[in-house]
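Welcome, and thank you for opening the viewer. Please load the model, colour it however you like, and follow along one selection at a time.

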Amino acid sequence: MEELKRLLQQALDENMIQVILSNTRCPEKGSKVKIRPVMLRDGLYFQETLFRGTQVFHTNHKKEEMILRIAEYMEVLFRQAQVKSVCREATVLVSKKGKVTVKIKELPDKGQEKDRKISQGNDLAHNRRKNYILQEGVPMDFLVELGVQTPEGKVVRAKYDKFRQINRYLEFIEDILEELPRDRCIRIIDFGCGKSYLTFAMYYYLCRLKRREIAVTGLDLKTEVIDRCRTLAERLHYDGLSFEHGDIASYQGTGRVDMVVSLHACDTATDYALKKAVEWGAQVIMAVPCCQHEVNGQMHSSMLEPVIKYGLIKERMSALITDALRADILEQKGYDTKILEFIDMEHTPKNLLIRAVKTGKMKSAGSASDSWRSRTELEELMKFLGIRPSLYRLLME
């Protein structure tokens, strides 16, 4: 085991990504172990997660202790280990006779990319401070009221994923900030605002941090949610933030909108939000679709039958096709459209964000690279799949 210990002496530091022990000799004692670095108050530790049946056990250990534990695991319980860090990957195999084989693969030096991974890609923290737009340790009134922060500014552990999501959302807004008007009030509609974590965050970022004049309206069907949000906005004196009870499809509201937001509006509600945005000529559209059932119910294709006969595969294909067609239709309506990852897949599969910025340039079959985007080609694709999505009917027919 000495070669393994030498490897671990080099690998177990803040640049380590993870160690996985597998191929167990006794499932009753443990089926797998995962190890990752964590930064606690008194320094660097390594968190061990032991999987035993349906139970999971977490313990934290200093480096030398962790090296001894891994070596013991490999002697008596596991036959394989994967050690991954920023700089190298290693595979450790233990034969039935106890022979240890270590294979190391050095990863290419990518300069600044590696530095970025060291500082950002390795999440050492239960409490390490990240370079977020909304900083940890700085109390923000709306985050305190919504239970994301304590009054001292500490992020509540159970709400840390929500804190990350809020900051990721604000990064997307920061990217398009220059597309929004500077010489007048920015008008924003948030369809399906729900509990409005992101609505309050958007207001705070644009009004308090960027000093823009804004008017944000949150719209939702749940009366009790709207009442609660109104009360909070009044208590915080967020004068440019209002909430209304209503349905996306029938909402009239205003004739001028600069930005339309639709987060997790269910199924075709996203399509009605996009339709409203296009009709209003919104400069920016941001939508995170949810529960795309429509295309799943429509799709039929004899050529694809060997694939879509599996319900789960059909469901996932339908969701991706729905969002791709939505983005394409927005491009045909004069928007520069991107599909981006909103948050990590490990937190939710509903993680795609459609972000569209109005350019006024309609997509057409003017070049070979754009020819597939033409309406004719789009119709041929829909015919092949046997579908007629709502957004196509709302904007193209």
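Start by selecting Thr 270, which sits in helix H8. This is a predicted model, so treat each stop as a description of a prediction. Is Thr 270 buried or exposed? Thr 270 is buried, with a relative accessible area of 0%. Now show what surrounds Thr 270: leaving out residues up to four places away in sequence, it touches Ser 262, Ala 265, Ala 287, Pro 289, Cys 290 and Arg 326. You can also draw a line from the C-alpha of Thr 270 to that of Gln 292; these two are 22 residues apart in sequence and 9.2 Å apart in space.

**The cysteines next door**

One of the residues touching Thr 270 is Cys 290, so select that residue next. Cys 290 is buried, at 8% relative accessible area. Add Cys 291, which lies in the loop between strand S12 (284-290) and helix H9 (294-298). Cys 291 is partly exposed, with a relative accessible area of 22%. Its phi is near 50°, a positive value in a residue other than glycine.

Why is there no bond between these two sulfurs? The sulfur of Cys 290 is 3.0 Å from the closest cysteine sulfur, in Cys 291, and that is too far for a bond, because a disulfide needs the sulfur atoms within 2.5 Å. Another cysteine to try is Cys 207: its closest cysteine sulfur, in Cys 185, is 9.5 Å away, again too far for a bond. A search of the whole structure finds 0 disulfides.

**A small enclosed space**

Arg 326, another residue touching Thr 270, leads to the next stop. Select Arg 326 together with Asp 271, Thr 322, Leu 325, Ile 329, Pro 389, Leu 391 and Tyr 392, and you have the lining of the largest cavity. Its volume is about 30 Å³, and the structure holds 1 cavity of 30 Å³ or more. Two elements give two or more residues to this lining: helix H11 (311-332) and helix H13 (390-395). H11 gives the most, with 4 residues. Colour the lining by class and you will find 5 nonpolar, 1 polar and 2 charged residues.

**An open pocket**

Now move to Gly 192, in the loop between strand S8 (186-191) and H6. Gly 192 counts as partly exposed, at 26% relative accessibility. Leaving aside neighbours within four places in sequence, Gly 192 is in contact with Leu 219, Asp 220, Ile 248 and Leu 263. Try a distance here too: the C-alpha atoms of Gly 192 and Gly 218 are separated by 7.2 Å, while the residues are 26 apart along the chain.

Which residues lie nearest the centre of the second largest pocket? They are Gly 192, Cys 193, Gly 194, Leu 263 and His 264, out of 31 lining residues. This pocket has a volume of about 700 Å³. Select helix H5 (160-175), H6, strand S9 (214-220), strand S11 (259-266) and helix H8 (269-280), since each supplies at least two residues of the lining. By class, the lining divides into 14 nonpolar, 9 polar and 8 charged residues.

**Inside the cores**

Keep helix H6 (residues 197-209) selected: it gives 9 residues to the largest nonpolar core, the most of any element. That core has 50 residues, and those with the most contacts inside it are Phe 142, Tyr 169, Ile 173, Phe 200 and Met 259. Centre on Phe 142, and beyond its neighbours within four places in sequence you will see contacts with Leu 134, Tyr 197, Phe 200, Ala 201, Tyr 204, Leu 236 and Tyr 238. Apart from the largest core lies another, of 35 residues, which includes Phe 191, Ala 282, Leu 325 and Ile 354. You have already met Leu 325 in the cavity lining.

**One more stop, then zoom out**

Select Asn 23, in strand S1 (residues 16-24). Asn 23 is partly exposed, with a relative accessible area of 43%. Its phi is near 55°, a positive value in a residue other than glycine.

Finally, show the whole protein as a cartoon: there are 13 helices and 14 strands. Of its 397 residues, 45% are buried. How many of the contacts with a separation of 6 or more join residues 24 or more positions apart? That share is 63%.

Notes:
Residues numbered from 1 in each chain as written. Predicted model: local features only at pLDDT ≥ 70, side-chain atom pairs only at ≥ 80, totals over all residues. Heavy atoms only, no water. Core = buried A, V, L, I, M, F, W, Y, C linked by side-chain atoms within 4.5 Å. Buried < 20%, exposed > 50% of the residue type's maximum accessible area, 1.4 Å probe, protein only. Contact = heavy atoms within 4.5 Å. 1 Å grid on protein atoms, 1.4 Å probe; cavity = no way out; pocket = protein on both sides within 12 Å on 5 of 7 lines; lining within 4 Å. Points joined across faces, edges and corners; volume = space filled by probe spheres on them. Nonpolar A, V, L, I, M, F, W, Y, C, P; charged D, E, K, R; others polar.
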